[in-house]
Amino acid sequence: MNELWNKYEEYMFKISAYGLVLGTTSFDAHTVAPKGGSAYRNERMAFIEGELYSLITSDELYELLKALNADESLDEVHKKIVHWHLKDMERTRYLPKEFFVEYSKAVMDANVAWEDAKHRDDYQIFKPHLLKVIELTKKKLSYLPDGDKGYDALLDEYEPGMTMARYDEFFELIKEKLVPVIKAIKEKPQIDDSFNYLHYPAEQQAKLARVIMDYIGFDFNTGMISTTEHPFTHSLHKNDGRITTHYYENSLISSIFSVIHECGHANYNHSVRDDLAETYVFDNMSSGMHESQSRLFENYLGRSYHFWDNLFEPMKQIFPEQLKDVTQQQFVNAVNKVECSLVRTEADELTYPLHILVRYEMEKGIFDGSLDLERLDEIWDEKYQQYLGIKAEKASQGILQDVHWSDGSFGYFPTYALGSGYAAQFIKAMKKDLDIDECLANNQFSKIKDWLREHIHQYGGLYLPSEQIVIATGREFDPHEYTDYLIEKYSKLYNL
Ligand code: ZN
C-alpha cells in the first residue's frame with residue numbers, strides 16, 4: 001500500500017485510541033458509574049471530546065484525505081473509505097472547537113437530567129436541557145458549509161439521501177395502508193396477553209436473556225450485556241460489542257424483545273469483514289440500515305412462531321408458575337398483539353410506525369419553527385391522541401420516554417420506521433435462498449446470520465443504503481413490501 005495510506009492509517013489509529021477511551025467512559029457512565037460523579041466526568045469527557053475533535057478536523061488529516069482522494073492508484077474499496085471520511089469531515093470541520101465542546105457538554109448534561117426527570121416523572125427537570133440542545137442543534141446547522149438546510153440536513157446525517165419530501169411520502173403510505181387495518185383490528189376479539197403482566201423477577205429475566213442470546217449465537221467472548229434505563233448497543237470494535245437492556249418486573253416481553261433487537265445491532269457490527277473493521281466505514285452504516293438489522297431480528301424473526309420452537313420450553317422452565325397455562329401459540333399471538341399503546345419500545349409492529357410519525361412531525365415542527373417550544377410536552381400528548389387515540393398519564397410515558405432528544409439525535413427516529421421497511425425487503429430476498437422457518441425450527445440460526453453477513457453485514461458502511469439494498473435484494477427499496485407484509489400478517493392473525 002502506498003505511503004499516503006500508511007500515514008492515514010497511523011492517523012486513524014490515534015483517532016481510534018481516543019474513541020476507545022471516550023466510548024468506554026460513555027458506556028461506563030450509562031451503566032455502572034455513580035450518578036453523583038457525572039458533573040466531574042462530563043467536564044473531563046467534554047475536554048477529551050475537544051482533543052479528539054482537533055484530531056479529526058485537523059488540516060493535516062484534511063490534506064491527507066484530499067491527496068488520497070486524488071490518488072488514482074487506490075482500489076475501489078479504499079477509494080470508498082476515503083470518500084466517506086472526506087464527506088464527513090467536510091461537515092464537521094466547520095464547527096468551531098469551542099462550540100463542539102459546548103455542544104458535547106450540553107448533551108451529556110441533558111442526558112443526566114433526562115434520566116433523573118424520567119425517574120421522577122417530572123418534565124420540568126429536563127425541559128431547560130432539551131431547549132438548550134435544540135438551540136445548539138440549530139446553531140450547529142447554521143455552521144454547515146452548504147447553508148442551513150434545517151431538518152433535511154439532520155435527516156441526511158442519519159440516512160444519506162433522505163429528505164422531508166421522501167419521508168413525507170413514506171409516512172403517507174403508512175397512514176393510508178395501515179390506519180384502516182388498525183381500526184379494523186379494534187373491532188375484533190382481542191388477544192389475551194394477561195400472562196405478560198405477572199411478576200417476573202429481574203434475575204430470572206437475565207437468565208432468559210442469556211438463553212435467547214445463546215440461541216442467536218451471541219458470542220460472549222466478543223460481547224457482553226448490561227442494564228440501562230434505555231436499551232442500546234455500543235460496539236467499541238467488532239470484537240467488543242456491548243448491549244444493554246432494562247428488566248421490568250411487571251413485563252416479560254419488554255426485555256425479551258429489546259435484547260433480540262440489540263443483538264441484531266451487535267451482530268451487524270460483529271460481522272463486518274476484517275479488512276474493513278478498523279477503517280472509517282466500520283460503523284458508517286446509516287441508522288436506517290442499522291435499524292433494519294435490529295428490527296429484522298426483533299420482529300421478522302423474534303416474533304415469528306418458529307423462533308420459539310427451541311426457546312419456549314426453556315423459557316417455561318425459568319417461569320414455570322407464570323407460564324404454566326400458556327402454549328407456544330398463545331405466547332406468539334400475545335407478542336404480536338396489536339394495541340394502541342403509549343410507549344414506542346413496547347409497541348407492536350403495526351402501530352409502531354405511528355409512534356415514529358409523532359416524533360417525526362414534532363422534529364419537523366421544532367426545526368421549521370412552527371412548534372411552540374414551551375409546549376412540547378403538551379404537543380406530544382396531542383399527537384398521541386390524534387394518531388393513537390390515547391394520552392399519557394405520566395410524562396415518563398410521554399415526552400420523557402425516549403433518550404434520543406437528550407442525545408441531540410434529531411433526525412434519528414424516522415430511521416426506525418424506514419429500517420423496519422428495509423427489513424421487509426431483506427426478509428423477502430432471504431426467503432428465496434433459505435427456508436427461514438426451517439432454520440429456526442432446526443436450531444440453525446447461524447444460517448440466517450450467514451445470509452445476512454454475505455449480503456449485508458460484511459460491507460459495514462461501505463455503501464449508501466440505497467446501494468446496499470440493491471446489492472442484497474437486487475431491487476431498489478419499495479415501501480409497499482413493508483405495508484404488504486404487515487397487512488398480510490395481521491389480516492391472518494386477526495381474521496380480517
Ligand atoms: Zn435499534
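Q: In this predicted model, which residues count as nonpolar, charged or polar, and how many of each class are in the lining of the second largest pocket?
A: Ala, Val, Leu, Ile, Met, Phe, Trp, Tyr, Cys and Pro count as nonpolar, Asp, Glu, Lys and Arg as charged, and the others, Gly among them, as polar. By these classes, the lining of the second largest pocket has 10 nonpolar, 6 polar and 10 charged residues.

Q: What is the volume of the second largest pocket, and which residues are the closest to its centre?
A: The second largest pocket has a volume of about 870 Å³. Its lining consists of 26 residues. Of these, the closest to the pocket centre are Ser304, Lys431, Tyr485, Lys489 and Lys492.

Q: Which element gives the most to the lining of the second largest pocket?
A: The elements that give two or more residues to this lining are α12 (287-301), α14 (328-335), α17 (414-433), α18 (436-441) and α21 (479-493). The one that gives the most, with 7 residues, is α21.

Q: Why is α3 oblique to α4?
A: The axes of α3 (residues 59-69) and α4 (residues 76-92) come within 10 Å and cross at roughly 140°. Angles over 145 degrees count as roughly antiparallel and 65 to 115 as roughly perpendicular. The crossing angle therefore makes the orientation of α3 to α4 oblique.

Q: How many residues of the contact of α3 with α4 are nonpolar, polar and charged?
A: On the α3 side, the contact is made by Leu61, Tyr62, Leu65, Lys66, Leu68 and Asn69. On the α4 side, Val82, His85, Leu86, Met89 and Glu90 take part. The residues of this contact divide into 7 nonpolar, 2 polar and 2 charged.

Terms used: Residues are numbered from 1 along each chain as its sequence is written. This is a predicted model: local features need pLDDT of at least 70, side-chain atom pairs count only at pLDDT 80 or more; totals for chains, interfaces and linings use all residues. Side-chain values use heavy atoms; hydrogens and water are left out. On a 1 Å grid over the protein atoms alone, a cavity is a set of points where a 1.4 Å probe fits but cannot get out, and a pocket is an open set with protein on both sides within 12 Å along at least five of seven lines; lining residues have an atom within 4 Å of a point. Grid points are joined across faces, edges and corners, and a volume is the space filled by probe spheres set on the points. Helices (H or I, at least four residues) and strands (E, at least two) are DSSP runs, numbered from the N terminus. Axes are lines fitted to C-alpha atoms, for helices over the stretch in contact, and angles run from 0 to 180 degrees between N-to-C directions. Angles under 35 degrees count as roughly parallel, over 145 as roughly antiparallel, 65 to 115 as roughly perpendicular and the rest as oblique. Contact means heavy atoms within 4.5 Å.
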